[in-house]
Amino acid sequence: MRKRSLLFYVVFIFGSSLFAIKGFTWDMGLPKFYFASVMISILIIFLSMKTVRSPWKLSLAFPQIIALVLAAYSCLTTLLLLESLPDVFPVSLGYAMNLLLFVVFSVLISKDSGDRLLVLLQIFIVAGLVIALDALFAFYSGTSLLWGTESAPLSRGNLASVIGNVNFTTDLMGMLLLPATFLVVTKRSVWKRETLRRVFYLVVFSIFLVVILVGQTRSVYYSVIGSLIFV
């Protein structure tokens, strides 16, 4: 992966994950979504300009076509809110457009090589690891380093971290369990020292699992499924 592309994805992923550091804003949902949307929009514009200069092929699988149709349909259905709930329409349309952008992004990166996708996957996991460590530190100490909050130790609510909600934090950990598991068991060469890579992602898997179990949310089901697949 080129250094310029790598820098873009690092800013995109970490910016979307850690945008609310030190109480920058109380509403974590919108800033995170819209920061990611702006970054993806920049990527789409850049690729569109590149396509104009030279031919560029992109093959679509059937599940990707369904996802694109559903995302576009979600944008169209928000028009119904113009009459029934006009105050909600802008927010609903914003989230629907975000969904469409994220699906387009997933389609665009699907054409990349396996090595490049592995790099992206590891960036996502490292960003999640930063959030998980802050959440656990806040849980046991009562102080969040990233979010800047102080509370009683061993309080479940301390797991909110920069995500802004206990459920969101544990759901993120649940979604990252399977990629972490993959990076432990895959026989594909990822690092120069493969044993170190397996140990590192095994530890990361364990940290994600601990956050989920401490949170005692619906993500416990994710952790059980992830653990069974891992075993």
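In which hand, left or right, does H3 pass H5? The crossing is left-handed. Before I go on: this is a predicted model, and I will take three helix pairs and then two pockets.

Staying with that pair, H3 covers residues 62-77, and its axis lies 8 Å from that of H5, at an angle of about 165°. Angles over 145 degrees count as roughly antiparallel, so H3 is roughly antiparallel to H5. On the H3 side, the contact is made by Gln64, Ala67, Leu68, Ala71, Ala72, Ser74 and Cys75. H5 answers with Leu93, Ala96, Met97, Leu99, Leu100, Val103, Val104 and Val107. Sorted by class, that contact has 13 nonpolar residues, 2 polar and no charged ones.

Next pair, H6 and H7. Their axes come within 10 Å and cross at roughly 135°. H6 and H7 are therefore oblique to each other. Here too the crossing is left-handed. From H6, the contact takes Leu118, Leu121, Gln122, Phe124, Ile125, Gly128, Ile131, Ala132 and Ala135. From H7, it takes Thr169, Leu172, Met173, Leu176, Pro179, Ala180, Phe182 and Leu183. The class count for H6 with H7 is 14 nonpolar, 3 polar and no charged residues.

H7 has another partner, H8. H7 runs over residues 166-185 and H8 over residues 194-215; they pack at about 155°, with axes 9 Å apart. That angle makes H7 roughly antiparallel to H8. The handedness of the H7 and H8 crossing is left. On H7, the residues in contact include Val166, Thr170, Gly174, Leu177 and Val184. Thr169, Met173, Leu176, Ala180 and Leu183 of H7 also belong to the contact with H8, and these five appear in the contact with H6 as well. H8 contributes, among others, Arg197, Arg198, Tyr201, Phe205, Phe208 and Ile212. In this contact I have 14 nonpolar residues, 5 polar and 2 charged.

Now the pockets. What volume does the largest pocket hold? About 1,200 Å³. It is lined by 33 residues, and those closest to its centre are Phe33, Phe102, Phe124, Leu172 and Met175. Two of these names have come up already: Phe124 and Leu172 are part of the contact between H6 and H7. Helices giving two or more residues to this lining are H1 (3-17), H2 (29-53), H5 (89-109), H6 (114-141) and H7. The largest share, 7 residues, comes from H5. By class, the lining of the largest pocket is 22 nonpolar, 9 polar and 2 charged.

The second largest pocket has about 500 Å³ of space. Its lining has 18 residues, with Ser5, Leu43, Phe46, Leu47 and Arg116 closest to the centre. H1, H2 and H5 each supply at least two residues of this lining. Which helix gives the most to the lining of the second largest pocket? That is H2, with 6 residues. The classes here are 10 nonpolar, 2 polar and 6 charged.

To put the pieces side by side: H5 packs against H3 and gives the largest share of the lining of the largest pocket. H7 is in contact with H6 and with H8, and H7 also helps line the largest pocket. H2 lines that pocket too, and gives the most to the lining of the second largest one. That is what I have for today.

How values were computed. Residues are numbered from 1 along each chain as its sequence is written. This is a predicted model: local features need pLDDT of at least 70, side-chain atom pairs count only at pLDDT 80 or more; totals for chains, interfaces and linings use all residues. Side-chain values use heavy atoms; hydrogens and water are left out. Axes are lines fitted to C-alpha atoms, for helices over the stretch in contact, and angles run from 0 to 180 degrees between N-to-C directions. Helices (H or I, at least four residues) and strands (E, at least two) are DSSP runs, numbered from the N terminus. Angles under 35 degrees count as roughly parallel, over 145 as roughly antiparallel, 65 to 115 as roughly perpendicular and the rest as oblique. A crossing is left-handed if the near helix is turned anticlockwise from the far one by less than a right angle, and right-handed if clockwise. Contact means heavy atoms within 4.5 Å. Ala, Val, Leu, Ile, Met, Phe, Trp, Tyr, Cys and Pro count as nonpolar, Asp, Glu, Lys and Arg as charged, and the others, Gly among them, as polar. On a 1 Å grid over the protein atoms alone, a cavity is a set of points where a 1.4 Å probe fits but cannot get out, and a pocket is an open set with protein on both sides within 12 Å along at least five of seven lines; lining residues have an atom within 4 Å of a point. Grid points are joined across faces, edges and corners, and a volume is the space filled by probe spheres set on the points.
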